Amino acid sequence: MPRTRPVPDPDPADAAVDPLRVWFRFIRLNRRVTAAMSGTLRGIGLSIPQFDVLSTLTEREGLTQQDLAARLYVTKGNVSGLIDRLVEAGLVERRPIPGDRRSHALHLTPAGADLAAQGLAAQAAYVGRTLGRLGADDLAAFEGLVLRWRELARSEAERPDRPTAD
């Protein structure tokens with residue numbers, strides 16, 4: 001008669017944490033911090049999408065609209081109108097790319113760089129008042145969890161059999 005190993009009882013501590021409840025808390029937290037930053041950014045004259053563009057260009061100027069759209073996880077069409085408005089406002093400029101007549105490199109103007117710096121400072125202050133109040137161990141654990149979750153999300157997105165959104 002084959003021996004079978006007994007199936008261990010589930011750990012009650014594991015059962016007490018419902019991933020769906022954690023998901024909803026995460027989504028609500030995201031909405032709360034987004035609303036807080038939106039209000040702060042509005043105070044300096046920026047929307048969150050505008051700030052996303054400016055802050056991304058502080059990291060890497062010379063991106064094309066297509067590159068920028070990929071970095072922001074939006075469509076090129078979404079970026080196009082946004083860039084048009086930022087150019088009109090004197091915050092971003094399009095520069096020709098030698099040998100490429102269809103694409104332009106995006107660069108911050110001095111006014112755009114100044115506004116991006118103000119937005120980054122406001123964001124750093126908010127993070128300092130909230131997430132920055134966690135202890136070093138908690139912050140390191142949280143970062144580890146976020147990175148692990150990101151990897152799971154990436155592998156899910158790469159699955160050939162994953163369900164598609166309708």
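This passage walks through two helices of a predicted model, along with a set of aromatic rings and a few residues around them.

Helix α2 is a good place to start. It runs over residues 19-43, which makes 25 residues. At 1.5 Å a residue, a helix of that length should span 36 Å, and the C-alpha atoms at its ends are indeed 36 Å apart, so expectation and model agree. At the start of the helix, D18 brings a side-chain oxygen to within 3.1 Å of the backbone nitrogen of L20. Just after the helix comes G45, with a positive phi of about 95 degrees. As for what is tucked away, M37, S38 and L41 are buried in α2. The cover over the buried residues of α2 includes α3 (48-59) and α6 (110-129).

Helix α2 also has a part in the aromatic contacts. A pair of aromatic rings is described by how far apart the centres are and by the angle between the planes. The count of aromatic pairs here comes to 2. In one of them, the ring centres of W23 and W149 are 6.0 Å apart and the planes sit at 70 degrees; an angle over 60 counts as edge-to-face, so that is what this pair is. This pair links distant parts of the chain, since W23 belongs to helix α2 and W149 to helix α7 (residues 136-158), with their positions 126 residues apart. Neither end is hidden from view: W23 is partly exposed at 39% relative accessibility, and W149 is partly exposed too, with a relative accessible area of 37%.

The rings of F26 and W149 also pair up, with centres 4.7 Å apart and planes at 65 degrees, so this pair is edge-to-face as well. Here again helix α2, through F26, is tied to helix α7, through W149, so the pair joins parts that are 123 residues apart in sequence. F26 has a relative accessibility of 36% and therefore counts as partly exposed. Put together, the ring pairs link W23, F26 and W149 into a cluster.

Next up is helix α4, which covers residues 65-72 and has Q65, L68 and A69 as its buried residues. Looking down the axis of α4, these buried residues fall within an arc of 100 degrees, so they line one face of the helix. The background to this is simple: an α-helix has 3.6 residues a turn, so residues three or four places apart point the same way. On the other side of α4, Q66 and A70 are exposed. The buried residues of α4 pack against quite a list of neighbours, namely α3, α5 (76-88), β1 (92-97) and β2 (100-108).

After α4 comes Y73, which sits in the loop between α4 and α5. Most residues other than glycine have a negative phi. Y73 is not a glycine, and yet its phi is positive, at about 60 degrees. With a relative accessible area of 74%, over the 50% cut-off, Y73 is exposed.

The last stop is D84, which has its place in helix α5. D84 has a relative accessible area of 32%, so it is partly exposed. Between D84 and R94 the separation is 10 residues in sequence, and their C-alpha atoms are 9.5 Å apart in space.

Key:
Residues are numbered from 1 along each chain as its sequence is written. This is a predicted model: local features need pLDDT of at least 70, side-chain atom pairs count only at pLDDT 80 or more; totals for chains, interfaces and linings use all residues. Side-chain values use heavy atoms; hydrogens and water are left out. Helices (H or I, at least four residues) and strands (E, at least two) are DSSP runs, numbered from the N terminus. The expected span of a helix is 1.5 Å times one less than its number of residues. Buried means under 20% relative accessible area, exposed over 50%, partly exposed in between (1.4 Å probe, protein chains only). Contact means heavy atoms within 4.5 Å. A polar contact is a pair of N or O atoms within 3.5 Å; within protein, one must be able to donate a hydrogen and the other to accept it, and residues adjacent in sequence count only if both atoms are side-chain atoms. Rings of Phe, Tyr and Trp (its six-membered ring) pair if their centres lie within 6.5 Å; planes under 30 degrees apart count as stacked, over 60 as edge-to-face and the rest as tilted. The arc is that of the directions from the helix axis to the C-beta atoms.
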